[in-house]
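Good morning, and thank you for joining this session. I would ask you to keep the sequence and the model in view while I speak.

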Amino acid sequence: MIKTDLTLLHAPSVYDFRKKNIFYGPMSDLVPSSPIFEMYPIGFLTMSNYLEKRGISVRIINLAYLMMSDKNFDAEKFIGKIKTKTFGIDMHWLPHCQGSNEVAKIIKQYHPDTPVIFGGFSSSYFYKELISFPHVDFILRGDSAEEPLYQLMSVIKNNKGDLSLLKQIPNLVWKEKNEIHENPISCISEDLDEVDFDYRIMFKQVLKYRSLKSVVPFNGWMDYPVTTIPVIRGCNKNCSGCGGSKAAFELFGKRTRPAFRQPEKLIDEILLTQRYIDAPVFILGDITQGGKEYLEEFFKNSKRLNKDMQIFFEFFEPPDEWFYDRVAENFNYFCFEISPDSHDENIRQKMGKQFTNSRLVSGIKYALKKGARRYDLYFMTGLPGQTKRSIMQTVDFCRELYETLEWDKRFMPFVSPMAPFIDPGSRAFENPDEFGYVITKKTLAEHIEAITMPSWKYILNYESKSLTRDEMVEATYNCAIGLNALKGRAGSISRKVMEENEERIISARKIMSEIDRIVSDKKDLYESRSFESLKDKAMEYSLSTVCDKKELEFPFTKKNFKWCSIIRTVLFNR
Ligand code: B12
Ligand code: SF4
């Protein structure tokens with residue numbers, strides 16, 4: 001193996017997921033990855049680009065994907081052989097709490113003198129507890145790690161042993177002989193200008209380290225190579241359970257306002273990406289949060305793009321008709337998605353979103369009239385004040401909406417539980433009483449324990465006062481069955497997919513009851529033969545339960561890797 005300065009490792013959510021029997025259920029059904037959460041943070045690309053440009057070599061290793069794509073892959077042996085001066089591990093999403101720490105322990109077993117840096121949202125939130133673990137040397141807090149990481153790597157690479165230099169690195173938490181030091185969070189990107197979303201780094205790494213699997217962003221990406229470009233760091237909204245809300249960013253990263261990517265740069269990056277991957281681009285984050293002037297600039301620059309390029313937008317609240325008009329003027333193939341969370345305006349308001357149903361519905365109608373290829377709606381269960389009855393009313397709401405849309409198959413509703421966790425740093429996590437919750441797991445150690453519980457019902461870190469966990473499980477599956485039937489009737493999904501989905505949801509429900517029965521027997525669960533016999537089924541029915549993962553994929557007109565351009569770039573650096 002070539003020796004690198006920094007190896008960025010992405011761990012699976014649960015390190016020993018291939019051995020453990022856990023029924024994750026629908027917790028990852030509405031994202032492209034599996035419950036192993038094999039997708040690495042997009043920040044891996046921005047950090048790699050930033051460091052490589054400044055002479056620090058970086059390798060990304062998606063350990064989670066390597067482990068799930070080959071059941072014989074020996075992760076421990078692989079980690080033991082890595083040649084690097086430093087390891088970086090993301091504990092960005094809290095579901096990775098167990099996996100990232102287990103991987104760090106293995107690293108220390110094989111490379112006791114190699115520094116281990118942690119980073120990401122959850123590392124920032126739990127930094128005090130995390131730094132006390134013996135396998136963690138450094139934590140970079142906040143949401144803008146590029147420059148602090150460069151400074152830290154420069155010290156590690158060039159000034160070994162001179163710890164006084166560490167004091168000057170922004171956002172850094174570190175320890176010196178059991179004494180913990182925390183530098184202030186003073187690096188907070190204001191305009192993302194220093195950050196590059198340049199996918200070429202992935203291709204270069206494939207050639208350099210002779211491994212495609214190490215950089216694949218998620219399982220199935222080679223068949224569905226959607227590329228994503230975030231437009232915003234931070235958020236203007238304050239959704240109660242969100243660890244990426246305004247309040248949460250301020251708490252863990254001292255960010256008081258979001259940073260927006262300059263429209264000109266955003267379009268340059270889309271153009272660059274399209275030179276190598278002729279597939280749709282997903283604009284991550286609600287671009288309309290930037291305001292009208294920002295959008296005008298975006299559309300002005302969009303003229304440089306191929307009108308036939310496919311583009312997807314997500315919204316945090318319904319945009320004005322004006323926005324849809326401009327999208328339709330500039331693009332021929334476009335899709336939209338929005339999360340109203342609940343059909344009930346009061347619950348939505350408690351959640352932190354103020355818009356009305358009439359604004360939501362008229363927007364969808366208008367967008368479809370303007371030629372949208374898809375309009376997806378995401379609902380959640382376990383929301384503040386939500387009851388079992390309210391969850392089931394989501395189905396009635398969607399039926400009426402389908403009727404209003406004359407059963408237009410381009411409309412697609414989805415539902416999933418707020419799982420596995422209410423995000424740390426969110427308003428609901430910090431003030432659960434205000435939102436009708438009891439937080440049952442508060443510390444990092446408690447979450448590490450929780451994520452390996454036998455089923456998603458036991459993994460949850462909260463209880464709602466308006467909905468028991470059993471009611472939540474039942475209502476989530478029943479609502480999913482209802483939405484599935486509606487999508488089948490409209491032709492949004494085929495009859496075959498609808499029937500398969502229904503069969504899977506019913507089986508998932510049975511597995512949950514079976515696990516509950518074994519748990520209530522109070523025998524040692526892990527000694528129980530009947531529990532062990534559920535193992536294969538538990539994983540099988542945790543992949544696409546409440547819907548088929550393929551349903552999330554927007555219809556593609558093109559999906560090609562432009563191999564000639566990729567090879568030219570990789571070989572000749574053009
Ligand atoms: C886009 C997004 C996604 C995309 C992922 C895109 C990607 N590959 O990164 C999708 C839709 C797939 C997604 C999925 C999920 N997400 Co999400 N997501 C977001 C969102 C909206 C924006 C994140 C973003 O674009 N960041 C900007 C990029 C450039 O930076 P970055 O990747 O965060 O990396 C920087 C820092 O975090 C840090 N960093 C990160 N890792 C490391 C590692 C090291 C070593 C260092 C030094 C630094 C570091 O430095 C980076 C560079 O500055 C946020 C909400 C928000 N307002 O931020 C939620 C958010 C991050 N997601 C969240 C969650 C819970 C999830 C899911 C677990 C949900 C689920 N149950 O399915 C999954 C996990 C998927 C997986 N890993 O497989 C929570 C996380 C809360 C928490 N503390 O756990 C957030 C905050 C809010 C939310 N509820 O959606 N998500
Ligand atoms: S869930 Fe709400 S607060 Fe969180 S990123 Fe989305 S809009 Fe912002």
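Let me begin with a definition: two strands count as paired if DSSP finds at least two bridges between them. With that in mind, and noting that we are looking at a predicted model, consider leucine 8, which stands opposite isoleucine 60 in strand S2. The two strands concerned, S1 and S2 (residues 58–62), run parallel and are joined by five bridges.

S1 also has a partner in strand S3 (residues 84–90), again parallel and again through five bridges. There, threonine 4 stands opposite threonine 84 of S3. How many of the residues of strand S1 are buried? Seven of the seven residues of S1, which spans 4–10, are buried, so this strand is largely enclosed by the rest of the structure.

These strands belong to an open sheet of seven, ordered S2-S1-S3-S4-S5-S6-S7, in which the pairing is mixed. Which strands stand at the edges? They are S2 and strand S7 (179–182); each has a single partner strand, so one side of each is left without a neighbour in the sheet. From one strand to the next, the twist averages 20°.

At the S7 end, the pairing with strand S6 (residues 172–176) is antiparallel and extends over four bridges. Tryptophan 174 has histidine 181, in S7, as its bridge partner. Helix H7 (residues 146–158) lies across S1, S3, strand S4 (116–119), strand S5 (138–140) and S6, and its direction is at about 155° to S5.

I turn now to the second sheet. Six strands form this open sheet, in the order S8-S12-S13-S14-S15-S16, and the pairing is parallel. Its edges are strand S8 (227–230) and strand S16 (411–417), each with a single partner strand, so each has one side left without a neighbour in the sheet. Neighbouring strands here are turned against each other by 20° on average, direction ignored.

Helix H10 (residues 263–276) packs on this sheet, where it touches S8 and strand S12 (281–284); the direction of H10 makes about 165° with that of S8. Helix H15 (residues 388–404), for its part, lies across S15 and S16 and runs at about 175° to S16.

We can follow the pairing along the sheet. S8 and S12 are paired in the parallel sense over four bridges, and proline 230 stands opposite leucine 284 in S12. S12 in turn pairs with strand S13 (residues 310–315), in the parallel sense over three bridges; here valine 281 stands opposite isoleucine 311 in S13. Further along, strand S14 (residues 333–341) and strand S15 (residues 374–381) form a parallel pair over five bridges, with aspartate 341 opposite phenylalanine 379 of S15.

One residue of the edge strand S16 merits a moment, namely methionine 412. Is methionine 412 buried or exposed? Methionine 412 is buried, its relative accessible area being 2%. Apart from its neighbours within four places in sequence, methionine 412 is in contact with Arg374, Tyr375, Asp376, Leu377, Tyr402, Lys487, Ser492, Ile493 and Glu551. As for aspartate 90, methionine 412 lies 322 residues from it in sequence and 33 Å from it in space, C-alpha to C-alpha.

Let me now address the cysteines. How many disulfides does a search of the whole structure find? The search finds zero. Why does cysteine 479 form no such bond with the closest cysteine sulfur? That sulfur belongs to cysteine 398 and is 7.3 Å from the sulfur of cysteine 479, which is too far for a bond, because a disulfide requires the two sulfur atoms to be within 2.5 Å. Cysteine 479 also counts as buried, because its relative accessibility is 0%, under the cut-off of 20%.

Cysteine 235 likewise counts as buried, at 11% relative accessibility. This cysteine is also one of the residues around ligand 2. Which residues are around ligand 2? They are Cys235, Lys237, Cys239, Cys242, Ser245 and Phe316. Sorted by class, this shell around ligand 2 has four nonpolar residues, one polar and one charged.

To close, the two sheets may be set side by side. One has seven strands with mixed pairing, and the other has six strands with parallel pairing. Thank you for your attention.

How values were computed:
Residues are numbered from 1 along each chain as its sequence is written. Chains are lettered from A and ligands numbered from 1 in the order in which they are written. This is a predicted model: local features need pLDDT of at least 70, side-chain atom pairs count only at pLDDT 80 or more; totals for chains, interfaces and linings use all residues. Side-chain values use heavy atoms; hydrogens and water are left out. Buried means under 20% relative accessible area, exposed over 50%, partly exposed in between (1.4 Å probe, protein chains only). A residue is near a molecule or strand if one of its heavy atoms lies within 4 Å of it. Ala, Val, Leu, Ile, Met, Phe, Trp, Tyr, Cys and Pro count as nonpolar, Asp, Glu, Lys and Arg as charged, and the others, Gly among them, as polar. Axes are lines fitted to C-alpha atoms, for helices over the stretch in contact, and angles run from 0 to 180 degrees between N-to-C directions. Contact means heavy atoms within 4.5 Å.
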